[in-house]
Amino acid sequence: MWGVRWRWVAGRIGRSAVVWAVSTVTMLALAGLLPDFRLQSADGDSATRIAVTAACGAGAFGVLSAVVWPLLVRLLLLVPALVIGLLVFFLNGSLLLLALRLNPSGQSEAAPETAVIVAAVMSAVASATGGALAVRDDDAYRSRLSRLADRRRRSRPPCPDAPGLVCVQLDGVGHDVLVDAVAKGLMPTVARWLSTGDGMRSADDRMQSTGPTPTPRSTHRLTPWRTDWSSQTGASQLGILHGSTFDVPAFRWYEKDRGEVMVCNRPTSAAELQRRAVRYTGDGGLLTVDGASRGNLFSGGAGEQALVLSIATRRRGRGNRSRAGYFAYFSDPANAVRTALSFVAEVLRETGQATRARLRGQRPRVSRGGLYPLVRAFATVVERDVVVAAVMGDLLAGRTAVYADLVAYDEVAHHSGPRSRDAEQVLRRLDRCLALIEKVADHAPRPYRIVVLSDHGQSPGETFHARYGLTLDDLVRAGCGLPVPRKAEHTRSGAEARAAVRAALRRPEQQDAARHRTAHRPEPLVLASGNLGLVSFPDVGHRMTKEEIDARHPALLTTLANHPGVGFLLVRSEEHDGVVLGPFGAEIPLARLDEEPGPLAGFGPGAADAVRRTHSFPHTADIMVNSFHDPADGEVLAFEEQIGSHGGLGGPQSRPFLLSPLTLSAPAADGREPAGAEQVHHVLRRWLGELNGPQVPLEPADAEAEPDRAA
């Protein structure tokens, strides 16, 4: 035992010495290259004295980085999280200046701007050297990865032998996009999991096949599933984590009884939706038992939460650790430098890609200026790195269930297109994240089953405004006989990454005055959720019927239903309860949609059921408008400024995927595709039961209070 311990100590000392030596050489090289950085006096010193000065400076910088940096990052949690990335270089340079001042030789000095460069290079070199040495030793590699784990994991009881479940959500990646990415070699990790055999065949193909099961080389199966009408993260993730999508008709909608616009990526709305789901189901969520929620809109009942939007507005304390993941990641100065450099590189990459698309006259195209390059860099670099690091920490802590959301692809596909080269590059980087999580799982204290899934896909197509020169709001106003502004206003994109940035910056929630009209104003309120539009009349306290709308605005429903950019409408009816309206006077009662789909014929299987279910929600809008859909290429017309959209029916947006290990039972015993996020929730529940035994739900009284419990 003592021999093993001494060998471990000797190995750590040896690796530290090598890192110190490499850092010393790096400092010497930088002193020779940079004019404002010197390690000798003005009169000159011997080579030995210069080397000793460099060694002392490198050693002091290493000690300060290890001791002082975590304290600085903890203090920075008091300011917006995104500012951490902007202050990384300044703080690292300050530590180097302090190290040079503490140098016993007293001969070294550097200009402040040069110190920033030297500190960044030395941190990167030291991190690379330490990582390269540690990879050769599994114990050392695991020790290095463990630095990313929660500091309090030492107080946890020993992990059981039963496998844990880690679910990684690739936000917005559709089933067909994943299949094509694997075929193109963009995602080698997923390709290895699926290998050969029928692992990548669709559920329909497997039902018709009498051939063998997947070959032993396949470790996972790929299953598509169908979303509800509201094909967006708010509804899907609420259903997956909390088992209910009830009364979530869209990404944003107006609630007449409360006089408020609900927006799924608004922290206060997310908290309210989670509270409703917990009350509706009487259960705390999927992650109630020893779970962790990372980078999600909702907590899932997890005791460990980081970067969770539904708790982002609370004051920091035991009940709000939504930003704790930033400290766990940025406490390592090498992580901070690497992420900051990657952030800058991503901003430059987006600027170059947007410029190239504009010069080529690429169509369709939306504006990618303003703050978008920073939002994209936050989603594809900062949030990705922090969430993956948090998941790694959860695995090393041995948690039973982990659910994490990576929003990088969704953000890029909205502005570049679901199958664009820009989006494919993001898929390649996400695959590397999956490979890293798989590697860490090999070093975890318990085995893990890795499930990869998406919450929705994205459908391509130009915007409604780009094709017709007017917005949905303009069309509604024209149908009501109201004046239409000469210059149409663009509808703000509702991508999840924007809300994450605002939460990281601790910015107050956006309050759009146009969406908070008084209850006595007769003008219609028009909201957009991808290619799904919602029209409400705030001055009428109930959901209006077709007959009431026709009496008030005789031309409105006809104008909308016959517009070429509109696929179908859903309105309440006094005679038929609810009807679907289409062009040329089509009017199909909901009860007859199975026999006579009418305008829904081209929207795929399950469309009628999805429309009927949305009709039953208390807060469904007076008029639900789904855009045109071309079944040949899956194109839709977004009512927002997006060329890759989701939120309604039509195309790949309604067909996400579920990639699960073969050691778990099939998602559906009959081989059919799961229908709806609630069914996916039950599948994940079943898998947790298979791995760990039955999960104990919260009592209803406790469940209602769950969102307000301390982490």
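Helices (H or I, at least four residues) and strands (E, at least two) are taken here as DSSP runs, numbered from the N terminus. The model is a predicted one, in which local features need pLDDT of at least 70 and side-chain atom pairs count only at pLDDT 80 or more, while totals for chains, interfaces and linings use all residues. Residues are numbered from 1 along each chain as its sequence is written, and side-chain values use heavy atoms, with hydrogens and water left out.

A starting point is the open sheet, whose seven strands follow the order β4-β21-β10-β3-β9-β7-β8 with mixed pairing; two strands are said to pair if DSSP finds at least two bridges between them. Its edges are formed by β4 (220-224) and β8 (304-306), each of which pairs on one side only. Neighbouring strands of this sheet are turned by 15° against each other on average, direction ignored, where axes are lines fitted to C-alpha atoms, for helices over the stretch in contact, and angles run from 0 to 180 degrees between N-to-C directions.

Within this sheet, strand β10 (residues 448-453) is mostly covered, since five of its six residues are buried, a term that stands for under 20% relative accessible area, with over 50% called exposed and the range in between partly exposed (1.4 Å probe, protein chains only). With strand β3 (residues 164-170), β10 pairs in the parallel sense over six bridges, and I450 of β10 is the bridge partner of V166. With strand β21 (residues 657-661), β10 runs antiparallel and is joined by two bridges; here V452 has L659 of β21 as its bridge partner, and L453 stands opposite L658.

Two helices lie across these strands. Helix α15 (residues 421-441) lies across β3, β9 (401-406) and β10, running at about 165° to β10. Helix α22 lies across β3, β9, β10 and β21 and runs at about 155° to β3.

Helix α22 (residues 677-692) contains L684, which is buried, with a relative accessible area of 0%. Leaving aside residues up to four places away in sequence, L684 touches L165, C167, I240, L286 and Y403, contact being defined as heavy atoms within 4.5 Å. The C-alpha atom of L684 is separated by 10.0 Å from that of S660, 24 residues apart along the chain.

L684 also takes part in the packing of α22 against helix α9, in which A235, S236, G239, I240, L241 and H242 of α9 meet A677, E678, V680, H681 and L684 of α22. By class, this contact has six nonpolar, four polar and one charged residues, where Ala, Val, Leu, Ile, Met, Phe, Trp, Tyr, Cys and Pro count as nonpolar, Asp, Glu, Lys and Arg as charged, and the others, Gly among them, as polar. The axes of α9 (residues 233-242) and α22 come within 7 Å and cross at roughly 30°, and the two helices are therefore roughly parallel to each other, as angles under 35 degrees count as roughly parallel, over 145 as roughly antiparallel, 65 to 115 as roughly perpendicular and the rest as oblique.

Another covered element is helix α17 (residues 472-479), which is largely enclosed by the rest of the structure because six of its eight residues are buried. These buried residues are L472, D474, L475, V476, R477 and G479, and what covers them includes α16 (464-468), β12 (525-529), β13 (532-536), α20 (556-561) and β17 (623-627). After α17 comes G481, whose phi is positive, near 75°.
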